[in-house]
2 protein chains.
Amino acid sequence: MTVTPPARSPRRRVPRNTLNPDRILGAAVALLDRRGTEALTMRALAQELGVGTMAVYSHFKGKDEIIDAVNERLIGEIELPSGSGAPREQLIELCLGVYRLFSEHPSALQLLTSRPLRGDEAVAVIDRMLCLLIEAGLEPSAAVRAQVALMQYTIGASLWAVRRRRAECGEAEAGLQERIRRRLADLPPDSYPSLAGLAPELVTAQQSGRAQYEAGLAALLDGLLRT
Amino acid sequence: MTVTPPARSPRRRVPRNTLNPDRILGAAVALLDRRGTEALTMRALAQELGVGTMAVYSHFKGKDEIIDAVNERLIGEIELPSGSGAPREQLIELCLGVYRLFSEHPSALQLLTSRPLRGDEAVAVIDRMLCLLIEAGLEPSAAVRAQVALMQYTIGASLWAVRRRRAECGEAEAGLQERIRRRLADLPPDSYPSLAGLAPELVTAQQSGRAQYEAGLAALLDGLLRT
DNA sequence: ACCTGAACACCGTTCAAGT
DNA sequence: ACCTGAACACCGTTCAAGT
């Protein structure tokens, strides 16, 4: 007597060519934005696409290749400055574009974090920054140092903002403020009495991601471009 | 007839109290430095300690708690500046301490990346930076903004250096240089002819992690401290 | 209190097979 | 060529049990 299998999956075999790299990357980004890095799973990705787990492997060699492609696609979305305006303004515009991208896709930044930057899209952004820095009057070698510094600061600020937002979810805002205040109150009050009153400002600075980034970027550009 | 079990584990039951949080964290850091984030596994950690997998759970609630504790321990290792010297020099000394820590423990930085900063040790570093910035003449609110910017830049630079080193392992250096050169050569040669010759300098800047960091830090401090 | 192995619900990926 | 499920070697963690 033959036993009928549990037939647990009501999903029918999907028509051919329903899948392509673009659809897969779209689903990956959606998953990342909606549920975070830990939710980006080959099984979850396939389910999001309504397809068997292994179908994805026909288009990408594995999870690492998908992650690289996601990063490349997102970096490609950064809009290069229009070209009008002073070099300094265009630099700010471009850096803000990078910052905004990572703020909108925090999980992508987290993924980028563990992998080298492979793609040509990233090189396009770097090129543009270099051009603008040279246009602003820097010598080639100084421009290269400045470009790296701008990217480093932008990535660090994005990461900080992402982590900050994540912390807010976990810990009540009052909790953080209280901890900082307590810590500051422990300082010898005769040396820096002003510090004890700084907790609100600290919390504010950590909250205002974008304004904080713009202030730091302005300072960095001041230091880099000053002749 | 009783079947003797395969007896696959020659490890004897370990004496009591061989384990404590400190030993566990030491093993975790060793594992991280030696084999990277992906190798930090509850099973691997227990093996490193010569103990059954579940023994660790008597001292930490789970992997997340261990990661937080590792971060806290490492941040505690940052040496605060001695206190002599101009505020600006002390700021550089302190920031370099943070940078050095993350350069020596790249995996720790990667772990820190996905989690909010919880520990008191981090607050100690932040405190010191704030004191020095106020000592350097900044108003409290400006000091707070500057402190966040310094941390953001330092984290970004560390991350960049870590990723750079990882990329070197994967990709031949010549490969990267060639890709950048090709990309730069594609630019319209009449607009920025100097860019095509910049590839060597780009590669150099990416390689010299610490010197690059110091240059960027100096520029940022110039911008932040200028009255 | 501290340490143990077995078991559970996951994960990425290999494989042989279907269409 | 493209999609499939079963199977393999992992993972963190729960659990009941030993000492």
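**Contacts of A:Gln110, DNA strand D and paired helices**

Me: Which residues does A:Gln110 touch, leaving out those up to four places away in sequence?
Reply: Contact means heavy atoms within 4.5 Å. With residues up to four places away in sequence not counted, A:Gln110 touches A:Thr37, A:Arg166, B:Thr113 and B:Ser114.

Me: What kind of model is this?
Reply: Residues are numbered from 1 along each chain as its sequence is written, chains are lettered from A and ligands numbered from 1 in the order written, and side-chain values use heavy atoms, without hydrogens and water. Local features need pLDDT of at least 70, side-chain atom pairs count only at pLDDT 80 or more, and totals for chains, interfaces and linings use all residues, as this is a predicted model.

Me: Is A:Gln110 buried or exposed?
Reply: A:Gln110 sits in helix H5 (residues 106-113) of chain A. Helices are DSSP runs (H or I, at least four residues), numbered from the N terminus. Buried means under 20% relative accessible area, exposed over 50%, partly exposed in between (1.4 Å probe, protein chains only). A:Gln110 has 13% relative accessibility, so it counts as buried.

Me: How long is the polar contact that joins the side chains of A:Gln110 and A:Thr37?
Reply: A polar contact is a pair of N or O atoms within 3.5 Å; within protein, one must be able to donate a hydrogen and the other to accept it, and residues adjacent in sequence count only if both atoms are side-chain atoms. For the side chains of A:Gln110 and A:Thr37, the distance is 3.3 Å.

Me: How many residues surround DNA strand D?
Reply: A residue is near a strand if one of its heavy atoms lies within 4 Å of it. The closest are A:Arg16, A:Gly52, A:His59, B:Arg43 and B:Met54. The number of residues surrounding DNA strand D is 26.

Me: How far is a polar side-chain atom of A:Arg16 from a base nitrogen of DNA strand D?
Reply: B:Arg13 has a side-chain N or O atom 3.4 Å from a base nitrogen of DNA strand D. A:Thr18 places a backbone N or O atom 3.3 Å from a phosphate oxygen of the strand. For the polar side-chain atom of A:Arg16, the distance to a base nitrogen is 2.2 Å.

Me: Which residues of H6(A) meet H3(A)?
Reply: H3 (residues 63-76) and H6 (residues 120-135) of chain A have axes that come within 8 Å and cross at roughly 35 degrees. Axes are lines fitted to C-alpha atoms, for helices over the stretch in contact, and angles run from 0 to 180 degrees between N-to-C directions. From H3(A) come A:Glu72, A:Ile75 and A:Gly76. From H6(A) come A:Asp120, A:Glu121, A:Ala122 and A:Val125.

Definitions and conventions:
Helix = DSSP H or I, 4+ residues; strand = E, 2+ residues; numbered from the N terminus.
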